[in-house]
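Trainee: I should like to work through this model with you, one question at a time.
Mentor: Certainly; please begin once the structure is displayed.

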Amino acid sequence: MLDKTQVERLEAEAVNSARIRQRLYAPRKKIFPKRASGNFRRFKWLVMAITLGIYYLTPWLRWDRGPFAPDQAVLLDVANRRFYFFFIEIWPQEFFYVAGLLVMAGVGLFLITSTVGRAWCGYACPQTVWVDLFLVVERAIEGDRNARMKLDAGPWTARKLMLRVFKHTIWLVIGAATGGAWIFYFADAPTLLGELFTGTAAPVAYITVAVLTATTYTFGGLMREQVCTYMCPWPRIQAAMLDESSLTVTYNDWRGEPRSRHAKKVQATGQSVGDCVDCNACVAVCPMGIDIRDGQQLECITCALCIDACDGVMDKLGKERGLISYATLSDYNANMMLATAGGANSVNPSLVRTADGLFSDKVSHFHIRKIFRPRTYVYMGMWSLIGLGLLYSLLTRDRLEVNVLHDRNPQFVTLSDGSIRNGYTVKLLNMIPEPRTIVVTMQGLQGADMSVVGDDIPAGRSFAIPVEPDRLKMLKVFVRQPAEQIRGTAQIFTFRVEDRASFEADEYTATFNAPEIAR
Amino acid sequence: MSDEHIDEISGVSTTGHEWDGIRELNNPLPRWWVWTFYITVVWAIGYTIAYPAWPLLHSATKGVLGYSSRNEVKNELAAAEVAKGKYVAAVESKSVSEIAADDALREFAAAAGGAAFKVNCTQCHGSGAQGSAGFPNLNDDDWLWGGTAEQIQQTITHGIRFATDAETRLSEMPAFGDIITADQIAQVSAYVASLSGKVHDASLIQPGAKVFADNCVACHGDNAKGNKELGGPDLTDAIWLYGSGETAIADQVRAPKQGVMPAWGARLGETKVKELAVYIHSLGGGE
């Protein structure tokens, strides 16, 4: 076991600490996050690899849809207004699926935040992931925290210039790769890649790449934590999402205070000392540049790197891990009451320990059952209901549809033999990438027949017509009923369309108008 | 208040303005904001040099880029003309029946004709070409002068009873009130009405048929089916331009109303008339 004095003490202070609170519009204080190592850091590397992998590789996945549709697994075909997602093809009128997924993402975010705090911010948010990536580059080129601070404070030498140019170049390359990957979601990726490098891609592709390169470089390299603190609305909303049972990154001052850099000396005077040795490791690793020991705060994205840093220090000191840990407010409050003897005194860490230095049985620890509470049940219920609803709707949705517009002007036409004619615009939607022959039949409307404008289809009550794959076919149909068969000024009848090969069918209930007295 | 005053709580200097003891803090704008503002100023200056902007006495500065929204519209219209040039050329060179037989060409011509119809024809024929009393419905299958695309084209080009066009469609039903007796008018009206419906006094039909045979068959035909060459209407069908029933028929026999349609060939040009003919032919009654 090492002596406390052997732990490296880092010069670091929170940028928003009350001691140095500054004017409303102050220049940004530079933050030089130190590399952390530990379980959470390893988990973040994993999340980073997975999320970046999904982002960059998805457009390159292929999915065979036959000769009449693109073979890109995920494709947002704006020009043809189709969205392809593996086995799902979405037409514009089915965009509610995307809206539904967004609602699910929102409720999912509520669920995650109410249980494990701002896990989205800390691990999966693109801003966090890309800043992490930019920091990897920065560390690789300029070194870790101390080297970077020294370089930053030092004069402009050739070496500094070279390192900086190198760093910003790599950042810009990452930015360009980010923008470059984005556009592949909107066109056939291999074709577009070729076009992009031969200069034959659409101008909008280059503009998009340029804009995303600029935003990635600015947000990930230059603005970093300021995006989260000043631009993002979520830190403001999180206050409404967290409750006393939500896990958040917490400094457990019930065991850490009073903090002291000279624990031995203080203990020698008979005063109690907490576990915190005020080494500032937690501040040094923080990508937001804050001090978690100031309590839960807006700037904290709960990336848990301070936990890793502090656990490392506690290991060196031979103390229990978890001076900074994921804890709920209710556990924290219970332990604080214990340590302050019901809130009467300042923190006395000896109150939470037994005589032999172990935690007393009265110390509250997180239990998994805290996740299951009415609030999270409601979120889980909403989430699954929407999900099941979307799934049901997806599995039972029509791939053959008919829409009918009834001519309004004129509503009906009297023909020379006294019969009445109504005009309809019939739209056949073949929503699969296969050519089909659709049979259109009219049901009801006694004695009536229909004819199609411009096609050599004999008048009758049923006709078959080919429809191109994945297309809408618009027909002008005239329905005609002999005068003696007319029953009333507005008769209801049905257009039925069916694909006799797949047994799919759809119906549209239409009205047939006739004058007050037919003759 | 010339001395700088520092607010104690915030540590920020104040502007020196004070209202009832409340002082205004002098927080400068964030730098990025200020710089954005400067950039917009510079941009605005450059913009007014590049584009038409500054008003002068009788005009405005032209701008070094030579941009003008009028020219832009002109160019867009020219581009649209070029884009549809292929179809327009085809409409010009082909006959209306050829146009009507070609799906794509018919669609183009009918759209263009529909637009021309809205401007020139709706005043009499109605916005849906549904007509009204005295003005024919163009959706139905009853045609005074023929319902093929060519016949419709001919009618639009030269009009009907349009005095200044030598080739205009011309028919004139005499006012039989001066030629036959009132009894004979009642008889012939009953006969004509009986061809497509019921009449109240069936005893008039027989003498009416005689009157009809003596006076009307020349234009309306032996079987009263009309004659499109002469513009003689079919009297056996359900469509009546000036009203159905014995009274309306008697009125028309006594002192006929005769509609006039202007000749459009000279005003709209051959291409536009072709497009109109294709549009009307496609309304559902074309032959």
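Trainee: Which residues of H7(B) are buried?
Mentor: This is a predicted model, in which local features need pLDDT of at least 70, side-chain atom pairs count only at pLDDT 80 or more, and totals for chains, interfaces and linings use all residues. Residues are numbered from 1 along each chain as its sequence is written, with chains lettered from A and ligands numbered from 1 in the order in which they are written. A residue is buried if 20 or more other C-beta atoms, placed from the backbone, lie within 10 Å of its own, exposed if 12 or fewer, and partly exposed in between. In H7(B), the buried residues are B:Ile185, B:Gln187, B:Val188, B:Ser189, B:Ala190, B:Tyr191, B:Val192 and B:Ala193.

Trainee: What span should helix H7 of chain B have?
Mentor: Helices (H or I, at least four residues) and strands (E, at least two) are DSSP runs, numbered from the N terminus. The expected span is 1.5 Å times one less than the number of residues. H7 of chain B has 13 residues (182–194), and its end C-alpha atoms lie 18 Å apart, in agreement with the expected 18 Å.

Trainee: Which helices are included in what covers the buried residues of H7(B)?
Mentor: Contact here requires C-beta atoms, placed from the backbone, within 7 Å. The cover of these buried residues includes two helices of chain B, H8 (205–215) and H10 (246–254).

Trainee: Which residue in E2(B) does B:Trp19 stand opposite?
Mentor: Strands pair if DSSP finds at least two bridges between them. E1 (14–19) and E2 (22–25) of chain B run antiparallel and are joined by three bridges. They form a hairpin with two residues between them, and B:Asp20 in the turn has a positive phi of about 50°. Opposite B:Trp19 stands B:Ile22.

Trainee: Where does the largest nonpolar core lie?
Mentor: A nonpolar core is a set of buried Ala, Val, Leu, Ile, Met, Phe, Trp, Tyr and Cys residues joined through C-beta atoms within 7 Å. This one has 43 residues, and A:Cys282 and A:Ala309 are among those touching the most other members. H14(A) gives the largest share, six residues. Because both domains of chain A, bounded by an automatic or database assignment, contribute residues, the core lies between domain 1 (118–239) and domain 2 (246–371).

Trainee: How many residues of chain B are in contact with chain A?
Mentor: On the chain A side, strands E7 (413–414) and E8 (420–430) each supply at least two residues. The contact joins 17 residues of chain A to a number from chain B, namely 21.
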